[in-house]
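Work through the exercises below with the structure in view. Each task is followed by a solution in steps.

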Amino acid sequence: MDNSKIKRYTVTAALPYTNGPVHIGHLAGVYLPADTYVRYLRSNKRDVKFVCGSDENGVPITLKAKKEGVSPQEVVDKYHKIIGDSFKEFGISFDIYHRTSSLMHHQTASDFFETLYEKGVFTEEVTEQYYDEKAQTFLADRYITGTCPKCGNESAYGDQCESCGSTLNATDLINPKSTLSGEPPVRKETKNWFLPLDQYEDQLRAYIDSHKEWKPNVFGQCQSWLNAGLQPRAMTRDLDWGIKVPLKDANGKVLYVWFDAPIGYISATKELFEYARLDVWNPKSEEYYINQKELEKGNWEDYWKSDETKLVHFIGKDNIVFHCIIFPAMLMAHGGYTLADNVPANEFLNLEGQKISTSKNWAVWLNEYLEEFKDKQDVLRYVLTATAPETKDNDFTWKDFQARNNNELVAVFGNFVNRVVVLTHKYFGGKVPMLMNVTPEDQQVIDELAAYPARISASIENYRFREALAEVMNVARLGNKYLADTEPWKVIKTDEDRVRTILNISLQIAASLEILIEPFLPFTADKLMKMFNYGGYLWEDAGKMNLLARGHQLNEPVLLFEKIEDETVQAQIDKLNRSKADNEAGAAVATVAPAKENIQFEQFSALDIRVATIVAAEKVAKTKKLLKLTLDTGLDERTVVSGIAEYYQPEDIIGRQVSVVVNLAPREIKGILSQGMILMSENADGSLAFVAPVVTHKAGSVIR
C-alpha cells in the first residue's frame, strides 16, 4: 500500500480463547509484535486503532467447562478477567479489549450473516456430519480427533492438524473418535449454511498475488491452499453455545467460531466509537478497557471501509488460512470492507526445547510471571522480542532469559544510562552541561546516532522487530563505547570543558534511547523520562542533539534493571520439571484404555501380519513425525510411512525387525505411497515402541 495514501491504521491482534490464561507463546507470536508496531505508529503521530477482545464462542470454551465441571459462562467470565488484567499489567496498549459475548458483537455478527444470506451468498446443504450416539449430540470439529490424512499425526482435530498445520474437515480424519465419549462417531444428516469459497477463488488469488511482500510462510501457505482448490465451508454448527444463527429454520445451530471471531475486530471498533459518541465510561466494568488518551469521536467505518486505511492482522501461523482466505472471502462477499494490507504471522515459540502444552502445564503463564517477577515486565518483553519466532520456530529457555537480562539489559543498556546520569550529577550537579568544541570523533558519533532512527523505522515498518530491537541496543552500545573511548572520569582532572561535551553528547544519546526503546520497553521508557525530568518526545525527535537543553536539571539516577540470580531461574526450571513429573505420574496411573467391541475370528484372520526387516530409513521432508521406511517383508521390498520420527532416529533402526500389516490398502501420505502399517505399542506417556519378535525371525514370517 502506498504510504502516502494512508490516513489511518486499524491494527488487530488475534482474539484469545477464554479457556485459559495467556502464555509466552501467545505473547511472542501475536501480542508483543502488535503492541510494538502500534506504539511505534503512535510515536509517529499516526492515527491508529488497536483492537482485540476475548473469543468466548469457540468449542475450546465448552471443553474447558466440561473439564472444570462448570458452565461455559463461568469459564469465559473467569478467564476474560485474568487475560484482560494480565494484558493491562504487561503494557499491551489496546484501545479496546472487548468480548464476543457483548450485545454489540452478537448484533454485528448476526447482521453480517443476514447480509450474506439476503444476498444469496450461502448455499444450504444437507450433509452427513459426525454424531456421538452415546452423548446424543452432533460433534463440533474440536470434539473429534483422529489421524491426519496429510501427515499421519494420530492426534489431529476435526478442523486442524497441529502437527503439519493443515486445515481439515472432520470427515477427512482417519479413524475418528469423539472426545466426549471416546466412541467412534457415526454420520448423520444435518443442514448447514456454507460459504462457497470456490466462487471467490479468482478474487482471492488476485488479492494474495498482490501481496508478494508478505512473509514467505504466510504467502506460501495461502498459495498452497489456492493451488489445492478451495471448497465450500460450513459457516454454521450444531451447538448450543455461541451466537445463534439468525434464521427461522436454524434451531440448535450457531455461527461457526471462525465466522464470528474475525467479525469481533469490527464489533470492537464499533464498540470503541460507541463509547466515544456517548461519552460513557464505567470504571467498575470489567468488560472493557480503553486507552482513553486515544479515545475520540469519529466514525468506525473510517477504520474498516476506506481506501485510506491500512489494516494489519497480527496472528500466529495456525490462523493464517482463516485471516487470509476465509475472512477476506467473507468481506468480499459482503462488500465495502477494506482487506488486510499485511498479515505478519509469526511461527511458534517452544519452551526449554519442547512444544508449549497448556494441557500438560508446560508453559510460562503471563499472570504467574507478573506475580513472580514483580515490575519486570520489560525483561520478558525484551527477551521475547529478541528471540521472537519471526521466520522459524524458536525456543525460550530460562537460562537465556537470565543471560539476556544480565549481559544485555543490565550490562549494556542500564550500564550506559546509569554511568552518564551519575557522572552528570557528580561533575555538574545533575544539570545538562554545555556542548563545547566538537572533535571529529564526536561528530562521527553524532552522525551515527542520527542514522539509527531511520534504520530502526525501516525494520519496524517491515515487521522485523527482532532486527529493530537489536539496532536500538546498538545505540546503547554506541553510547557505552563513546564513554569508554573518551574516559571522562580521567579527563575531568585536566579538561573540564571536554567533559562537558562528552556528557552532553552522551545525554543526547540516552534521551534518544528513551524514544527508540518506548515501543519495545514502555516501562523502561517511562523510568527514563522521569530520570531525565521531561515529558518525552516523538519519534521524529530521535537522533537529534538538542533533546536535553543546556542547564536542564536531571533527577537522581535509578537502576533501570537488576541482575537475575541463578536461584531465581532455577526455581522456574524446577517448576517446569515438577509439571513434567506430574504429567508422567498421571500417565503412569492412567486407566488402561477400554477394550474395543468383540470381532469375529474371521475378521482377525483377514489381517496378514508379517515379520519385516527395516533395510532403509529417512525422515520425510517438512514433517516432524514421519519416517519413510523401506521394509524387507520376505514377499517383497516395500515403502511404509510411519509417524515414529520423535522416538527413533533413522540410522538407529536399520536392521531392526518389526511387525507389519502387509495386506492394508496403500495410502498416499505427503506424496509417498505407504504400502502397509507397522504395529506399535503406546506407553502411558504417549511414547511408541516397535511390536517385534524377541528373537530374530526370517522376514516374511507370519504373525498369528
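Two strands pair if DSSP finds at least two bridges between them. The model used here is a predicted one.

**Exercise 1. A sheet of four strands**

Task: Find how many bridges join strand β4 to β5, and place both strands in their sheet.

Solution:
- Step 1. Strand β4 covers residues 123–132, and two bridges join β4 to β5. At least two bridges are needed for a pair, so β4 and β5 count as paired.
- Step 2. These two strands run antiparallel. One point to look at is Asp132, whose bridge partner in β5 is Thr137.
- Step 3. The sheet is open and has four strands in the order β5-β4-β9-β10, with antiparallel pairing.
- Step 4. The edges of this sheet are β5 (137–138) and β10 (233–234). Each has a single partner strand, so one side of each is left without a neighbour in the sheet.

**Exercise 2. A sheet of three strands**

Task: Work out the order of the strands in the sheet that contains β6, and say which strands stand at its edges.

Solution:
- Step 1. Start from β6, residues 144–147, which three bridges join to strand β8, residues 174–178. The two run antiparallel, and Thr147 has Ile174 as its bridge partner in β8.
- Step 2. Strand β7, residues 156–157, is joined to β6 by two bridges and also runs antiparallel to β6. Here the bridge partner of Thr145 is Tyr157, while Gly146 stands opposite Ala156.
- Step 3. The order of this open sheet is therefore β7-β6-β8, since β6 has bridges to β7 and to β8 and two bridges are enough for a pair.
- Step 4. β7 and β8 are the edge strands, each pairing on one side only.

**Exercise 3. Two helix pairs**

Task: Decide how α11 lies against α13, and how α1 lies against α10.

Solution for α11 and α13:
- Step 1. Helix α11 (residues 398–428) packs with helix α13 (residues 465–486) at an angle of about 55 degrees, and their axes are 9 Å apart.
- Step 2. Angles of 65 to 115 degrees count as roughly perpendicular and those under 35 as roughly parallel. The angle of about 55 degrees fits neither class, so α11 and α13 are oblique to each other.
- Step 3. The crossing of α11 past α13 is left-handed.
- Step 4. On the α11 side, the contact is made by Glu408, Ala411, Val412, Phe413, Asn415, Phe416, Arg419 and Val420. On the α13 side, the residues are Met473, Ala476, Arg477, Gly479, Asn480, Leu483 and Ala484.
- Step 5. Sorted by class, this contact has nine nonpolar, three polar and three charged residues.

A general point helps in reading such lists: an α-helix has 3.6 residues a turn, so residues three or four places apart point the same way.

Solution for α1 and α10:
- Step 1. Helix α1 (residues 24–43) and α10 pack at an angle of about 100 degrees, with 10 Å between their axes.
- Step 2. This angle falls in the range of 65 to 115 degrees, so α1 and α10 are roughly perpendicular to each other.
- Step 3. From α1 the contact takes Ile24, Leu27, Ala28, Leu32, Asp35 and Arg39, and from α10 it takes Leu380, Arg381, Leu384 and Thr385.
- Step 4. By class, six of these residues are nonpolar, one is polar and three are charged.

**Exercise 4. Buried or partly exposed**

Task: Say how far α10 is covered, then classify Lys376, Gly53 and Met680.

Solution:
- Step 1. Helix α10 (residues 377–386) is mostly covered, with 10 of its 10 residues buried. Among them are Asp378, Arg381 and Tyr382.
- Step 2. Lys376 lies in the loop between α9 (366–372) and α10. Its relative accessible area is 16%, and buried means under 20%, so Lys376 is buried. Leaving aside neighbours within four places in sequence, Lys376 is in contact with Tyr369, Glu562 and Ile564.
- Step 3. Gly53 belongs to strand β2 (residues 48–54). With a relative accessible area of 0%, Gly53 is buried. Tyr97 is 44 residues from Gly53 in sequence but 4.4 Å away in space, C-alpha to C-alpha.
- Step 4. Met680 is in strand β24 (residues 680–682). Its relative accessible area of 23% is not under 20% and not over 50%, so Met680 is partly exposed. Beyond neighbours within four places in sequence, the contacts of Met680 include Ile644, Tyr648 and Leu688.

Conventions
Residues are numbered from 1 along each chain as its sequence is written. This is a predicted model: local features need pLDDT of at least 70, side-chain atom pairs count only at pLDDT 80 or more; totals for chains, interfaces and linings use all residues. Side-chain values use heavy atoms; hydrogens and water are left out. Axes are lines fitted to C-alpha atoms, for helices over the stretch in contact, and angles run from 0 to 180 degrees between N-to-C directions. Angles under 35 degrees count as roughly parallel, over 145 as roughly antiparallel, 65 to 115 as roughly perpendicular and the rest as oblique. A crossing is left-handed if the near helix is turned anticlockwise from the far one by less than a right angle, and right-handed if clockwise. Contact means heavy atoms within 4.5 Å. Ala, Val, Leu, Ile, Met, Phe, Trp, Tyr, Cys and Pro count as nonpolar, Asp, Glu, Lys and Arg as charged, and the others, Gly among them, as polar. Buried means under 20% relative accessible area, exposed over 50%, partly exposed in between (1.4 Å probe, protein chains only).
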